[in-house]
Amino acid sequence: MTSRKNSSGNRLDVGWQHNINIDKNCRKVQYKYCQKVISGGIFRFKQHLACTHQDVEPCQQVPENVK
């Protein structure tokens, strides 16, 4: 099984570049665009940023190039 983090502890998926860690364990993150705080996986995080309306509220402030 492959690791979900690289050797420095950073998350590998490009989607994680669009958040701010608000605790040292990376369990809660804040979206850079709408300042909403969540604890969850990258799948729902990217759905929020892509405004898919699937199981999450779409982000109203995400730039078009990020969608």
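**Exercise 1. Placing His18**

In which segment does His18 lie? Then classify His18 as buried or exposed, and list what His18 touches.

*Solution.* Work on the predicted model shown above.
- Step 1: His18 sits in the segment before β1 (19–21).
- Step 2: The relative accessible area of His18 is 18%. The cut-off for buried is under 20%, so His18 is buried.
- Step 3: Leave out residues up to four places away in sequence. His18 then touches Gln30, Tyr31, Lys32, Tyr33, Phe45, Leu49 and Val66.
- Step 4: Take Leu49 from that list and apply the filter again. Leu49 touches His18, Tyr31, Tyr33, Val62, Val66 and Lys67.

**Exercise 2. Laying out the fold**

Give the element pattern along the chain, then the order of the strands in the sheet.

*Solution.*
- Step 1: Count the elements. There are 1 helix and 3 strands.
- Step 2: Read along the sequence. The pattern is β-β-β-α.
- Step 3: Order the sheet. It is open, runs β1-β2-β3, and has antiparallel pairing.
- Step 4: Find the edges. β1 and β3 each have a single partner strand, so each has one side without a neighbour in the sheet.
- Step 5: Check one pairing. β1 and β2 are joined in the antiparallel sense over 3 bridges. Within this structure, Ile20 has Gln30 in β2 as its bridge partner.

**Exercise 3. Finding the core**

Which residues make up the largest nonpolar core, and which elements give two or more residues to this core?

*Solution.*
- Step 1: List the members. The core has 9 residues: Trp16, Val29, Tyr31, Ile38, Phe45, Leu49, Cys51, Cys59 and Val62.
- Step 2: Assign the elements. β2 (29–31) and α1 (42–50) each give two or more residues to this core.
- Step 3: Look at the helix. The buried residues of α1 are Phe45, Gln47, His48 and Leu49.
- Step 4: Find the cover. β1, β2 and β3 are among what covers these buried residues of α1.
- Step 5: Step past the helix. Cys51 follows α1 and has a positive phi, near 60 degrees.

**Exercise 4. Reading the surface**

Which residues make the nonpolar surface patch of about 240 Å²? Give the accessible surface of the chain as well.

*Solution.*
- Step 1: The patch is made by Ile20, Ile22 and Val37.
- Step 2: Locate Val37. It belongs to strand β3 (residues 37–38).
- Step 3: Classify Val37. Its relative accessibility is 43%, so Val37 counts as partly exposed.
- Step 4: Turn to the totals. The accessible surface is about 5100 Å², with 47% belonging to carbon and sulfur atoms. Of the 67 residues, 27% count as buried.

**Exercise 5. Auditing the salt bridges**

How many salt bridges does a search of the whole structure find? Give the residues of each pair, the closest N and O atoms, and the exposure classes.

*Solution.*
- Step 1: The search finds 3 salt bridges.
- Step 2: Asp13 pairs with Lys46, the closest N and O atoms being 3.2 Å apart. This pair links distant parts of the chain, 33 residues apart: the segment before β1 and helix α1. Asp13 is partly exposed at 28%, and Lys46 is partly exposed at 36%.
- Step 3: Lys36 pairs with Glu57, with 3.8 Å between the closest N and O atoms. Here the loop between β2 and β3 is linked to the segment after α1, 21 residues apart. Lys36 is partly exposed at 34%; Glu57 is exposed at 53%.
- Step 4: Lys67 pairs with Glu64, again with closest N and O atoms 3.2 Å apart. Lys67 is partly exposed at 43%, whereas Glu64 is exposed at 63%.

Technical notes: Residues are numbered from 1 along each chain as its sequence is written. This is a predicted model: local features need pLDDT of at least 70, side-chain atom pairs count only at pLDDT 80 or more; totals for chains, interfaces and linings use all residues. Side-chain values use heavy atoms; hydrogens and water are left out. A nonpolar core is a set of buried Ala, Val, Leu, Ile, Met, Phe, Trp, Tyr and Cys residues joined through side-chain atoms within 4.5 Å. Buried means under 20% relative accessible area, exposed over 50%, partly exposed in between (1.4 Å probe, protein chains only). Helices (H or I, at least four residues) and strands (E, at least two) are DSSP runs, numbered from the N terminus. Contact means heavy atoms within 4.5 Å. Patches are made of residues with over 30% relative accessible area and no salt bridge: like charges are joined within 9 Å, nonpolar side chains (Val, Leu, Ile, Met, Phe, Trp, Tyr) within 5 Å. Accessible areas come from the Shrake-Rupley method with a 1.4 Å probe; for residues, only the protein chains shown count as cover. A salt bridge is a side-chain nitrogen of Lys or Arg within 4 Å of a carboxyl oxygen of Asp or Glu. Two strands pair if DSSP finds at least two bridges between them.
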